[in-house]
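Me: Hey, I'm new to this one. Can you walk me through it?
Reply: Sure, here it is.

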Amino acid sequence: MSSHAKVQIHTTINGEERDFLCEPRQSLLECLRDVLGLTGAKEGCNDGNCGACTVILDGRIVASCLVLGVEAEGATITTIEGIACGSRLHPLQTAFLENAALQCGVCTPGFIVAAKALLDREPHPTEEQIRLWLANNLCRCTGYDKIVRAVQQAAATQEVKA
Amino acid sequence: MKSFDYAAPTSVREAIDLLAANPRAKLLAGGTDLLVQLRSGRKETDLVIDVKRIPELMAVDYEPSRGLTLGAAAPCYRIYGDGAVAAAYPALAEVASLIGGTQIQGRASIGGNLCNAAPSADSVPLLIACGAMCHVAGPGGSRDVAVEDFCTAPGRTILQAGELLVSLHLPPPRDGSGAQYLRFIPRNEMDIAVAGAGVEVTLEDGHFRSARIALAAVAPTPLFVRAAGEALAGKPVAPDTIATAADLARAAALPITDMRGTAEYRRHLCGVLTGRALEAAIRRARGQK
């Protein structure tokens, strides 16, 4: 047993106020998955290279494996679970399905969360902007072309709706 | 990760007191190096001190007459995301967008890049070239140290027990000056430099008034090549003077052979990158693209 006491952390996750207890050594990713049951963010490399654990923390995408849960005190967090609106998929989710931009799916939550942050900031990104923005997200089965096309389609869909 | 305690002080004084009372404590800024090192067991600690709630460490203050004060923990995106800072220090904004990918830049700081003291740190040669100073605070007061004197060995710095890096200060860009950092990586992004060169030049009437050149990943620390810059002072802006400085940079490099490249290849890169960085900095100094 650890002598290092658990700390109570207050956050807003996907629009809901969530309090949780965590040890200082636990990453935000561990807190999301193991404490809060939000298993959408994936553990890939656990050292910040693969992007599978990407969440939006106070408006910026971060690798949640490289954030301590205790650092999230007072923070606003969006995870993949907060991207759809009820049962209505986000245009990115629809575009990933329609473009077959996933196979095993482990990287997909990270890609969609990261791409959402891009489209929120830049509704009409160029292909180069998409590729650079997503350089911290690795896919090891689908390849990137379909993913980039899905983001482009989602941007176009959003444009039609707007 | 092994267990540790966590503290998030809100003042420099409080952070110094915590450091003084806990010699094994580690400072946490963006965590993109520290948390990897703690998880892998390369570093151990009983206490992590998060410095991101200290206003001075998160400041990004630019004032044209005073220059830029960059809090040691201010994340990279705040540099390229700040229009005034990016316009005054375009080479720094570029470097901030080279370190890792978007997720890393949301957390990683230039101060952390310096304190991690990797020879390959992308921001450090540029900071040296720009004449940046480190503002260090400790139990005995504060002191200012030139960036070129900050790193002492891989992973080691001049910081003494109880001291922390509060901020970096870059002087205001002078008229006729331009800077550039270039690195060689085998990929397009998300990679560690095989070698890198950071330069700043100030031009006057077709001559170099001054120049500063520093190299990455070719010595135990980021390497300031004072002689290469000084050789340009007073000389015309011309291919042969640029080539002379590039030769001096290549000669000063002390690279090793490792998985990223051979010593010979790195030495060669130092010449190529220094020459190209000088050309780019000259274009910038002239207001060209």
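Reply: One term before we start: two residues are in contact if their C-beta atoms, placed from the backbone, lie within 7 Å. Also, this is a predicted model.

Me: OK. Which residues of α2(A) meet α3(A)?
Reply: Leu92(A), Gln93(A) and Phe96(A) do, and on the α3(A) side they meet Thr108(A), Ile112(A), Ala115(A) and Lys116(A). By class, that contact has four nonpolar, two polar and one charged residues.

Me: And at what angle do the two helices pack?
Reply: About 135°, with the axes of α2(A) (residues 91–98) and α3(A) 10 Å apart. Angles over 145 degrees would count as roughly antiparallel and 65 to 115 as roughly perpendicular, so α2(A) and α3(A) are oblique to each other. The crossing is right-handed.

Me: Switching topic: what order do the strands of the sheet in chain A take?
Reply: The order is β2-β1-β5-β3-β4, in an open sheet of five strands with mixed pairing.

Me: Why is one side of β2 and of β4 left without a neighbour?
Reply: Because β2 (16–22) and β4 (60–63) of chain A stand at the edges, each with a single partner strand.

Me: What about β1 and β5 of chain A?
Reply: They run parallel and are joined by two bridges. Ile13(A) stands opposite Ile77(A) in β5(A).

Me: Which strands does α3(A) touch?
Reply: Helix α3 (residues 108–121) packs on the sheet and touches β3, β4 and β5 of chain A.

Me: Last one: how many residues of chain B are in contact with chain A?
Reply: 23, and they meet 24 residues of chain A. The chain B side has nine nonpolar, eight polar and six charged residues.

Conventions:
Residues are numbered from 1 along each chain as its sequence is written. Chains are lettered from A and ligands numbered from 1 in the order in which they are written. This is a predicted model: local features need pLDDT of at least 70, side-chain atom pairs count only at pLDDT 80 or more; totals for chains, interfaces and linings use all residues. Two strands pair if DSSP finds at least two bridges between them. Helices (H or I, at least four residues) and strands (E, at least two) are DSSP runs, numbered from the N terminus. Axes are lines fitted to C-alpha atoms, for helices over the stretch in contact, and angles run from 0 to 180 degrees between N-to-C directions. Ala, Val, Leu, Ile, Met, Phe, Trp, Tyr, Cys and Pro count as nonpolar, Asp, Glu, Lys and Arg as charged, and the others, Gly among them, as polar. Angles under 35 degrees count as roughly parallel, over 145 as roughly antiparallel, 65 to 115 as roughly perpendicular and the rest as oblique. A crossing is left-handed if the near helix is turned anticlockwise from the far one by less than a right angle, and right-handed if clockwise.
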